[in-house]
Structures are given as structure tokens and as C-alpha cells.
Amino acid sequence: MKKYLLPIIIVILGLSSCEEYFELQGSEGEPKMFVECYAGLTDTTYIKLYKAMPVNAKRSNGDDFNVQKLDFTINGSKAGLTEVDKTFYWTVDPISGGDKLAIDVQTKEAAPVHASTIVPPTPTFTTEVSYISGSTPMFRFHLKMDGHIAPTDRFGISIKEHVTISYDNGDEPQSYYENSSPVTLDISTASLSDILMAALMPMPSINVTGYPETIECAFYSGEDFSNGEIEVASLFTPTEMTWEEYRDWQEGEDGNYWPTDTVTVTRTDSLSVTVVRLSDECYGYMNALYNQETDIMAMLGLSPAHFAYTNVSGGYGVLGGLTLASSPWFDAMDLINN
């Protein structure tokens, strides 16, 4: 019987559950507006509005809310807004680095909200890329930023890959893009396991409505730069490949099909680095969401609910500024061969 005692105890512990009682903050009260707007990344700025309901609120029917006033100002001047529906607006008024933005929303159902931000200047930089061979081949990107970098400045850095598939028979080439977060470990001293763990860790993603892709990036502050310079590495190992593909088939006398035409296919890879500059408000909001999504204790049900960052007074959400710049494309095989 003794030899079965330990397995029985393990099974009992596995079937038991832990409970923690806590009070949900903000679970009562009136509904509040939720505003989400990122400005400066594209030619079109989108504004999304929602009604945030208390946890224990009754389900509402009919219209979510009725907007009485929506002002979006750029350096104190109202922008021209186009309404898609009650929850979605956009403007094509130009927004540049250094512009002061503000948004004011009033509805019948919730208290008025206000938010403001300053769009950060567009990053400008030069890039040097080198290939690092070894047990973990990778590319090192040395970025030298132009202008003064303050310790409180916020950046996102992403490595972009452009894959092209071409054919020797005149068919239209195919291409696609991917992006990933770089690794910032000291490659000369980090172990292979350290590098792989850093690469596997989920990184924040910037998914701005209107931008053609989600940008997966690692966040940095000005303190991570040394005299305006920083080095990051990509674990991506591109390969230039050429292979033959069969296109036409003909049935032989034996009933089997045999290829009658082939085409030579070539895959090439190129790399580029993208730098996103974020306002404090944008960084605070995105970093808080990232912390929530990667909270292991919360995933296990062992952490109480918590709130994300907001700079919207009277409500929730974010009005943030973003600017973006990318380096030229570097042919991966040229970097490897050199």
C-alpha cells in the first residue's frame, strides 16, 4: 500500500484547486468611453470609440452610445473627420513629428473624455549590417541615430525580411514580407540557450489600423543607446535556393504520368531594420497590454484582474503618437558571402 501512497497524494493535489477572493476595482459605476487613436504612422489617422461597461453592469440593448461632440485637433486646429459609423472615424489631415494632438468626446451615455499627446519626431539613422557565423548564425544591425537621444525617448525596433520567388519561364514573381523582434544580448558572451530563449520570448506588436502589417518589435528607451548608437541581432538565417518544378504532365503508354516541362525556381532573401518612435502615452499603453498578455500567473488563473495604462481622462484608452522609418534593403546572401 505504501508504494501507492505517493501517486495517490499527487493525484489528489492535481484534482484540487486554489481559490483567491479579491474585490474587482471599478466593477461598479457608470459606463465610460474608451478611445483608441494612434497618429503619425500613416497618412490616414483612425479614431475608434467604444463604451466600456462595469463588470456587473446589465447588458444594454439598442445603440451603444450617441456621440454629441467629437473634436480632434492638430496644433489647436480642428481636423476634418469622416464618420464611418458611430464607433469609427478617420482624417487625412497631415500629421508630422512635433505636432500637438488633442481629442475631446462627449456622448449622452458617458462622461466627456479628453486626451492629448505630442507626436515624436521621425527617426533618422544609418545602418551597418554584418553576418555572424557559428553555431547560431545571425545578422547584427548597428544603428546610429541622428540627433540627440534623451534617456526617456521610446523606440521599437523590428527586423523585416523580404522573400522573393522568381521563375525562369516568365511567370510573375511572388514575394512576401515577415518581421520579427531582434535579440539584444551580447552575442560574444551569451550562450546558445540564452540566445534561443531571448528569441522565443513573445515581443510587443504594433498593430495600427490602416498600416498594412503588424510590426513585431522589441521596446527600448534612450538609456539603451550609447551615444545614440545601438546594436541588435536577428536569428533569422536566410538561404538562397534554386530548384526545379514540374509544370506539364503527359500520360504514357503504361498509364503513368510523366513530366514534360520544368521551370527553375529561385528564392532570394533581403533584410531591413525598422525603427518606430513612440510617444510616452503610446509606449505606456502598448507596454501595459504586452505585460498583460505575457502574465504567466494570469494565464494560470493565479493573478487577479488588472488594468492597462490609459491617458484618457474621464475614460479609458489611448491617444498616442508614432513615427516610423526603415533602412534600405540588404541582400542576405551578399552579406553572408562578404
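User: What share of the contacts in the protein chain between residues at least 6 apart in sequence joins residues at least 24 apart?

Analyst: That share is 66%, a contact being heavy atoms within 4.5 Å. This is a predicted model, where local features need pLDDT of at least 70 and side-chain atom pairs count only at pLDDT 80 or more, whereas totals for chains, interfaces and linings use all residues. Numbering starts from 1 along each chain as its sequence is written, and side-chain values use heavy atoms, with hydrogens and water left out.

User: Which residues is Glu244 in contact with, leaving aside its neighbours within four places in sequence?

Analyst: Thr262, Val263 and Thr264. Glu244 also has a C-alpha to C-alpha distance of 8.9 Å to Thr266, 22 residues away in sequence. Glu244 belongs to strand β17, as does Tyr246, the strand covering residues 241-251.

User: What makes the nonpolar surface patch of about 400 Å²?

Analyst: Tyr246, Trp249 and Tyr257 make it. Patch members have over 30% relative accessible area and no salt bridge, with nonpolar side chains (Val, Leu, Ile, Met, Phe, Trp, Tyr) joined within 5 Å and like charges within 9 Å. A salt bridge is a side-chain nitrogen of Lys or Arg within 4 Å of a carboxyl oxygen of Asp or Glu. Across the protein chain, about 19,700 Å² is exposed, 51% of it from carbon and sulfur atoms; areas are Shrake-Rupley values with a 1.4 Å probe.

User: How many of the 338 residues in the protein chain, as a percentage, are buried?

Analyst: 39% of them. Buried means under 20% relative accessible area, against over 50% for exposed and in between for partly exposed (1.4 Å probe, protein chains only).

User: How do you know that strand β10 and β16 pair, and how many bridges join them?

Analyst: Pairing requires at least two DSSP bridges. Six join β10 (residues 138-145) to β16, running antiparallel, so the condition is met. One of the partnerships is Arg140 with Ala233 in β16. Strands are DSSP E runs of at least two residues, helices H or I runs of at least four, both numbered from the N terminus; the protein chain has five helices and 20 strands.

User: Why are β9 and β16 said to stand at the edges?

Analyst: The open antiparallel sheet has the order β9-β10-β16. β9 (125-132) and β16 (229-234) each have a single partner strand, so one side of each lacks a neighbour in the sheet.

User: Which strands stand at the edges of the open sheet β4-β3-β7-β8?

Analyst: In this antiparallel sheet of four strands, they are β4 (77-78) and β8 (113-118), each with a single partner strand. Two bridges join β3 (residues 67-74) to β4, so the pair meets the minimum of at least two. Thr73 has Lys78 as its bridge partner in β4.
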